[in-house]
Amino acid sequence: MTSSRLQKIALLTGALVIVAAISAAVSSQSAVSPGSGSFKALSICGLDGKSLCKVGAVGPGGGTIFYIDSSDIYNSFNYLEAAPAAWAGDKGIDPTTTWCSSTTVKIEKISTAWSSRAVGLGSDNTRAMLDNCSSGASTLITSYNASSSAKKRDWFLPSLGEMMLMSENLQGLAGLIDSDYWSSSEYSAIGGWVQAVGHGYQGNATKDTTFHVRPVRSF
């Protein structure tokens, strides 16, 4: 990576943030409603669509399961699935794009302990992006949802917490690139949060920087 790109990346706070968080730590500070204690394992995964859903398995959308909420922490979903490696074509290489066409306005109004970074908020974040962005990561995913290659139509850009889980749990799986990926979590009016897949750290970058994108869905 060039020095000029490093200067542009994520250093709205001065340095990349080194994080040693594990999935439980991300989950424990979630801003979403707690689950009802009714988690039920599903056998709708795998190439046959009849296998038990587990991390690393093929999901109903043809992607890869990367998180199971077996403790029922989240009320709205039990599983998170990363889109297939070839979701955007290009021989299975995740495309790069900017975060949003709007680079000077804070668009996410969530105000909680984890703000828009929590697990479970990626879908809400993406909707906020679509309301304000004429181009960038969210519109790329919308195009995928509308395409004939998408088995499901509910893909969204993961929050930083969801992106962390994907990076931690899919080491070497799902065709993820050892590079930087946009999350749907907004850092400020001019920046968004970034996950360095393969390295484990998080940082923030200006919204007009280009990074890789991988959609996810929850069910």
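This report walks through the sheet, helices, cores and disulfides of a predicted model.

## The three-stranded sheet

Let's start with the sheet. Three strands make it up, in the order S1-S2-S8, and the sheet is open with antiparallel pairing. That leaves S1 and S8 at the edges with a single partner strand each, so each has one side without a neighbour in the sheet. On average, neighbouring strands here are turned by 25 degrees against each other, if you ignore direction.

Now for the pairing itself. Strand S1 covers residues 64-68 and pairs with S2 over 4 bridges, in the antiparallel sense. Along that seam, Thr64 sits opposite Ala82 of S2, and Tyr67 has Leu80 as its bridge partner. S2 also pairs with strand S8 (residues 216-218), again antiparallel, this time over 3 bridges. There, Leu80 stands opposite Ser218. In general, strands of a sheet pair through backbone hydrogen bonds, parallel or antiparallel.

Which way do the residues of S2 (residues 79-82) point? Tyr79 and Glu81 go one way, while Leu80 and Ala82 go the other. Buried is the word for all four residues, Glu81 included.

## Helix H5, packed on the sheet

Helix H5 (residues 160-169) packs on this sheet and touches S1, S2 and S8. Its direction makes about 110 degrees with that of S1. Of the 10 residues in H5, 8 are buried, so the helix is largely enclosed by the rest of the structure. If you want to pick them out on screen, they are Leu160, Gly161, Glu162, Met163, Met164, Leu165, Met166 and Ser167.

One of these, Leu165, can be paired up with a loop residue further along the chain. Gly200 and Leu165 are 35 residues apart in sequence, with 10.0 Å between their C-alpha atoms. Gly200 belongs to the loop between strand S5 (191-196) and strand S6 (202-206). Its relative accessibility is 30%, so Gly200 counts as partly exposed.

## Two nonpolar cores

The largest nonpolar core has 18 residues. Which of its members touch the most others? They are Trp99, Met129, Tyr144, Trp155, Leu157, Trp182 and Val213. Helix H4 (residues 137-145) gives the most to this core, with 3 residues.

Leu157 is a handy place to look around. Setting aside neighbours within four places in sequence, Leu157 contacts Gly122, Thr126, Met129, Ala137, Ile141, Trp182, Ser183, Ser184 and Val213. Apart from the largest core lies another one of 17 residues, and its members include Tyr67, Tyr74, Met163 and Val216.

## Helix H4 and its buried side

Where are the buried residues of H4? First, the names: Ala137, Ser138, Ile141, Tyr144 and Asn145 are the buried ones. They span an arc of only 115 degrees around the axis, so they lie on the same side of H4.

That buried set has two packing partners. The buried residues of H4 pack against strand S3 (96-97) and helix H3 (122-132). Two of the H4 residues, Ala137 and Ile141, are also among the contacts of Leu157.

## The disulfides

How many disulfides does the structure hold? The count is 2, and each is a covalent bond, since in general a disulfide is a covalent bond between the sulfur atoms of two cysteines. Counting bonded cysteines along the chain, the pattern is 1-2, 3-4.

Cys45 and Cys53 make one of them, with their sulfur atoms 2.0 Å apart. The torsion about this S-S bond is about 85 degrees, so the disulfide is right-handed. Both Cys45 and Cys53 are buried. Cys100 and Cys133 form a disulfide too, with an S to S distance of 1.9 Å. Here the S-S bond has -110 degrees about it, and the link is left-handed. This pair ties together distant parts of the chain, 33 residues apart: Cys100 is in the loop between S3 and H3, and Cys133 is in the loop between H3 and H4. Cys100 and Cys133 are both buried.

Key: Residues are numbered from 1 along each chain as its sequence is written. This is a predicted model: local features need pLDDT of at least 70, side-chain atom pairs count only at pLDDT 80 or more; totals for chains, interfaces and linings use all residues. Side-chain values use heavy atoms; hydrogens and water are left out. A nonpolar core is a set of buried Ala, Val, Leu, Ile, Met, Phe, Trp, Tyr and Cys residues joined through side-chain atoms within 4.5 Å. Buried means under 20% relative accessible area, exposed over 50%, partly exposed in between (1.4 Å probe, protein chains only). Helices (H or I, at least four residues) and strands (E, at least two) are DSSP runs, numbered from the N terminus. Contact means heavy atoms within 4.5 Å. Two strands pair if DSSP finds at least two bridges between them. The arc is that of the directions from the helix axis to the C-beta atoms. A disulfide is a pair of cysteine sulfur atoms within 2.5 Å. Axes are lines fitted to C-alpha atoms, for helices over the stretch in contact, and angles run from 0 to 180 degrees between N-to-C directions.
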